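Walk through this structure with the sequence at hand. The route goes from cysteines to a sheet, and then to helices.

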Amino acid sequence: GLVSIIVQSDLPAEYLTDSQLNKCFSSLVPAQPVPPLAQTLQGYLRALEPLIPEEELVHTRKNIQKFCGEGGLGPQLQEGLERRARHSNNWISDWWVQWAYLESRQPLPVHSNPAISLPKRDFSDWRGQLVFASKLIAAALDFKNVVDNGRLPVEYMRGQPLCMELFPLLFSSCRIPGRKHDTITHHSRARHITVVRNYQFFQMDVYNSDGSRMTESQIHAQLLRIRAESWKTDKEPMGILTSEHRQTWGQAYSRLLKDKLNKESVRAIEKGLFTLCLDSPVMRVSDDKYSSRMAAQILHGGGTHSNSGNRWFDKTLQFVVGEDGSWGLLYEQATAEGPPIATLLDHILQYCQLIKKHTIKKPDPKKTPLIPLQMPKKLYFNIDREIKRDIEHAKQNLDILINDLDIRCFNFQRFGKELPKQHNLSPNAFIQVALQLAYYKVHNEVCASCDIASQRMFRGGRTDYIRSPTNQMLKFVLTFDDPSISREAKLELLREAIETYVTLTDQALKGQSIDRHLLGLKLQAIEEGLSVPRLFMDTAYGLATHWKLRTGQVPANTDSVMCFGPLVPDGYAVCYNPQSDHVHFSVTAFNCCEETQAETLAATLHSTLCQLQELLQPTV
């Protein structure tokens, strides 16, 4: 495939090899189907109806007829995709990763890497921080051990086994910047993690010489040594470079790696199993602002004067632990995605006994080997004038990006997923209706919006979009505030909107959504050296793929808040985590766009949910 994965090995092969693991993980699931061409084009037209005036639709209909009619490119491109499907692990995933992530030139923080912040722990100083961080490392290593030994139970959705291929790639993976496009590197047998504190990076072994995992007390002893070695802040925060525009970072990366010492240090970070970021204390804020500040802290580090230098944004997996009890993780999407990360987090929470499920058997602490541990290795960099200048520019650009991001997190406590369930309504579809209604109340229109559907029922499957604005959704939204329409009629429209959304979700989960297929047809044309079909050049396609509302549900057993930036400058991103009697939301927008305010959409969403509750359960 296009995604170049370089595998290098440093550990004894007492574990299963990557290829054996992949066989275990993907033999149970079918190949991803290429949807029928006519079905996708009809679905596309239906998706355009609520977004585009009728006179513009006439033009798009003509383009579609030409595309799939006699002598049109459609059938030829469809055939190309079906051929591709027969000869590859997955016909779209490599293309999607390349197109959506590796070729994107936008900075990784805010624009791409999602952050998950978790409920505050009960410590408030560096001692508690290091004790908890040791536990967290031990828990992540325990999960890696489960994956390596092929003991990770296959996950199921709606009775279907899911593809587990991504799990072995969560560890020791990193994105490598390039001028035109990035690549991914994966090292299969690393023995160390990277710890970063006060902008200084340390390579810390987490396995003993006999191959056994280090115990929590050994890890804790090593973290104490790192703390003692990094008591004052490094003048040059190297990690900030990874927050740059990808082309800029790609050029700086080539310059940086010309030096042998720099190359060794960078490779140590890239090869590490994961990165642990030990953040310094930040200014206190009032309780109602705490969750928003926390999410921002995990997402981008809070700015160059704060903890942004304690990140290596290219790393697939970064855990963040603050001195004030705050913690969370940040992941890079070319290699990782929501559901595998949720499984990892679940394991960590069980290991740390933060949620009770089944107790994980921990390694026996009495067996700590008595061999003195090697000092964690501080990673040094030779910084010349040019690199210093690169860092200065990166600092300015990151602070501009951070100041531009508006984040509002809130916990909606009036009800959770139990309320829609009591009325036989899908909780996810119910929240999507609330989002559409809230957006309409603020902007007086509906917009192109996407919810993310997993494609893990298929081998190597990643994601597709579910488009939330439907004709039924629009009808409900337009009549919601109309006093002349009865409650019964509104309830009926609400049910129809929800049922249509559930049908779209079912289609997406069967690999029959439209967006990846349309992208595939466009990329197939490029691959065959043909001009891009007019279907993809008209204003309708531009509008339909200008995602003003990016949404995502976090399937978590705990009160975590997920957060990422909008996909477009005049858009929003909304993540939600529905629990039985409350829902956590995060809303982001950019300050540079005057029309969008995270605070306004969040407040409107809150009142809209209350109004929907009133519609379902009138108090009078």
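Cys610 has 14% relative accessibility, so Cys610 counts as buried. The cut-off for buried is under 20%. This is a predicted model. Cys610 takes part in no disulfide. Its nearest cysteine sulfur belongs to Cys409 and lies 18 Å away. A disulfide would need two cysteine sulfur atoms within 2.5 Å. Across the whole structure, the search finds 0 disulfides. Cys68 has 37% relative accessibility and therefore counts as partly exposed.

Now turn to the sheet. It is open and has 8 strands, with mixed pairing. The order reads β12-β8-β7-β9-β10-β11-β2-β17. β12 (377-378) and β17 (561-563) stand at the edges. Each has a single partner strand, so one side of each lacks a neighbour in the sheet.

Start at the β12 edge. β12 pairs with β8 (residues 200-205) in the antiparallel sense, over 2 bridges. Phe202 has Lys378 of β12 as its bridge partner. Helix α9 (residues 260-271) packs on the sheet here, touching β8 and β7 (192-197). The direction of α9 makes about 110° with that of β7.

Another helix on the route is α11 (residues 338-351). α11 lies across β2 (115-118), β10 (317-322) and β11 (327-331). It runs at about 150° to β11.

Finally, look at helix α15 (residues 471-479). Met473, Leu474, Phe476, Val477 and Thr479 are buried there. What covers the buried residues of α15? The cover includes α14 (427-443), α16 (487-509) and α19 (598-616).

Notes: Residues numbered from 1 in each chain as written. Predicted model: local features only at pLDDT ≥ 70, side-chain atom pairs only at ≥ 80, totals over all residues. Heavy atoms only, no water. Buried < 20%, exposed > 50% of the residue type's maximum accessible area, 1.4 Å probe, protein only. Helix = DSSP H or I, 4+ residues; strand = E, 2+ residues; numbered from the N terminus. Contact = heavy atoms within 4.5 Å. Pairing = 2+ DSSP bridges. Axes fitted to C-alpha atoms, helices over the stretch in contact; angles between N-to-C directions.
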